[in-house]
Structure formats: structure tokens, C-alpha cells
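Let's walk through this one together, starting with how the chain is divided up and then stepping back to the overall fold. Have the viewer open and follow along.

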Amino acid sequence: MKLDAGVAVACAFGAVVGSFLNVVIHRLPREESLAFPASHCPHCHARIRARDNVPVVGYLLLRGRCRDCGARIGCRYPLVEALTAALAAGLWVFFGGTVQAAVYFTLAAGLVAVTFIDLDHMIIPDSLSLGGVAVGLLASFVTPLGWKASLLGAAVGGGSLLAVYLAYYAVTRREGLGLGDVKLLAAIGAFLGWQAVLFTLFTASVTGAVVGGASVGFRLRQAVPFGAFLAFGAMLYVFWGPALIQWYLGTVS
Ligand SMILES: [Zn+2]
């Protein structure tokens, strides 16, 4: 546990990355450039001034409205920034200023983008999923995981969901889950290893079933895509996975 001034720095850094993730979430599925043009109001297209572009704070000072036309700006933007800031702060507290923490944060940032893109468009861009496999493999050379465990994790992650995908298709002739989910779990495996794959799959299935059941119960229209649950399961593993596994094994034996 590392509770010090570094938490504030990690928080600020996370918020800035979150601000960039908003751009990624909005533009990547539309195949727009991530660098140009600069952020603008989606309503009146006025450029967002630098002083209003401060993560979370800018939104609160403007009370969620565009400075130029007064149009409402979705609360999604500060939410993504705050979520990314919280993840960065949490990783600092758990892992300190280590290479491991930096790699976990890379994964976390990618998963935040994946979650919201999947919520909006029901797709997971290959640049994030397959890109994640590549980054996870590369990162394993400098983390305790090691490249063999990373490669095995990617294979188990991609392989297990691919088997589910093929089996479901063979039985129903329909796509139960997207190939994007298959590639995403391969990326999670490359970052975290095969134990994390099993943990993520289990957690995602349970939370997915609970939330899916609840959304039917409350008659919510929007289906929550599986990718969002995989992302949640993976981050749960990063913070509490080994502890939860130990607790679970302790209670069943
Ligand atoms: Zn505007």
C-alpha cells in the first residue's frame, strides 16, 4: 500500500489520459484521426479552449455546458476521466511507481476505451484487441509474468472463447458472442496470464448473467455487451484476483 503524494500525481495523470481516452472512444470507431482536429463542441463545433479542457474540473466549472452555445455536454466525458483517474490512483496505491504498475495502467486505459466503444457500437476495434495482444506480449519481457506465461495466456484466452464461439455457432447457427470478445480475452491473457483468463471468464459470466437478468427484470432496453464484463473481470483480477482466488479455494476445501 502506497498512500502518499504520489496518489495525487497518479490521479492527475490518469485524468489527463482519461481525457485522451474520450477522444479515442469517440473517434476510433469512426476511423477519424486521433490527433486532428482539436477537441470541439459536437453541437456548435466551436473549439474547446485549453482552460476549459482541464479534465473533470473544466466540466464542473462550465456545469456541463458548452461555453459558446450552451449545449449540454454528456456526463460521460468527466465520468471516463474520473474512472481513469481512480484506476491510476488505485494502481499507485497497490503497486507503487513500478514497471508493473505502468503495464497495468496501459491495460486499464485500453479496457476503459474498449468498454465504452463496445457500449456505444457493440464492436471492439482490432487496434485495441489485437494491439493489446502485441503490447501485452512485449510488456511481459519487462514484468515478472515473463513471455512464456504471456504467450500461454493469450492462447488460453483466445482459444477458450473461440471454442465457445464455434460451439455456439455450430448449435444455433448464430453468433452468440463477437470475435471481438475472443480477441479481447487473448489480449487480457497476454497481459495477465492464463489464471487471469479463467478468473476473468468466470467473473464476466457471473456479472453478465446478474446484470443481464436485472436488465430484463427492469425492462432496460440497452444490452450490456460482453466486452464490458471482460474488462471489469480483468481489472478485478489486477487488484484482487489472487486474493479472491485464495479465498475461494479456502472456502471450498
Ligand atoms: Zn457548443
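In this predicted model, the chain splits into two parts: domain 1 covers 1-97, and domain 2 takes 98-253. If you take the centres over C-alpha atoms, domain 1 and domain 2 sit 24 Å apart.

So much for the division; now look at where the two parts meet. On the domain 1 side, 18 residues make contact, and they meet 16 residues of domain 2. Which helices each supply at least two residues of the domain 1 side? Those are helix 1 (5-27) and helix 3 (76-95). Helix 3 gives the largest share, with 10 residues on the side of domain 1 that touches domain 2. As for the chemistry of that side of domain 1, you'll count 14 nonpolar residues and 4 polar ones, with no charged residues there.

Now zoom out to the whole chain. You won't find any strands: the tally is 9 helices and 0 strands, so reading along the sequence just gives α-α-α-α-α-α-α-α-α. The radius of gyration comes out at 19 Å, close to the 18 Å that the globule rule gives for 253 residues, so the chain is as compact as a globular protein of that length. Along its principal axes, the C-alpha trace spans about 60 × 50 × 35 Å.

What about the packing inside? Of the 253 residues, 36% count as buried. And if you take the contacts between residues at least 6 apart in sequence, 68% of them join residues at least 24 apart.

Methods. Residues are numbered from 1 along each chain as its sequence is written. This is a predicted model: local features need pLDDT of at least 70, side-chain atom pairs count only at pLDDT 80 or more; totals for chains, interfaces and linings use all residues. Domain bounds come from an automatic or database domain assignment. Two residues are in contact if their C-beta atoms, placed from the backbone, lie within 7 Å. Helices (H or I, at least four residues) and strands (E, at least two) are DSSP runs, numbered from the N terminus. Ala, Val, Leu, Ile, Met, Phe, Trp, Tyr, Cys and Pro count as nonpolar, Asp, Glu, Lys and Arg as charged, and the others, Gly among them, as polar. The radius of gyration is taken over C-alpha atoms; the globule rule is 2.2 Å times the number of residues to the power 0.38. A residue is buried if 20 or more other C-beta atoms lie within 10 Å of its own, exposed if 12 or fewer, and partly exposed in between; C-beta atoms are placed from the backbone.
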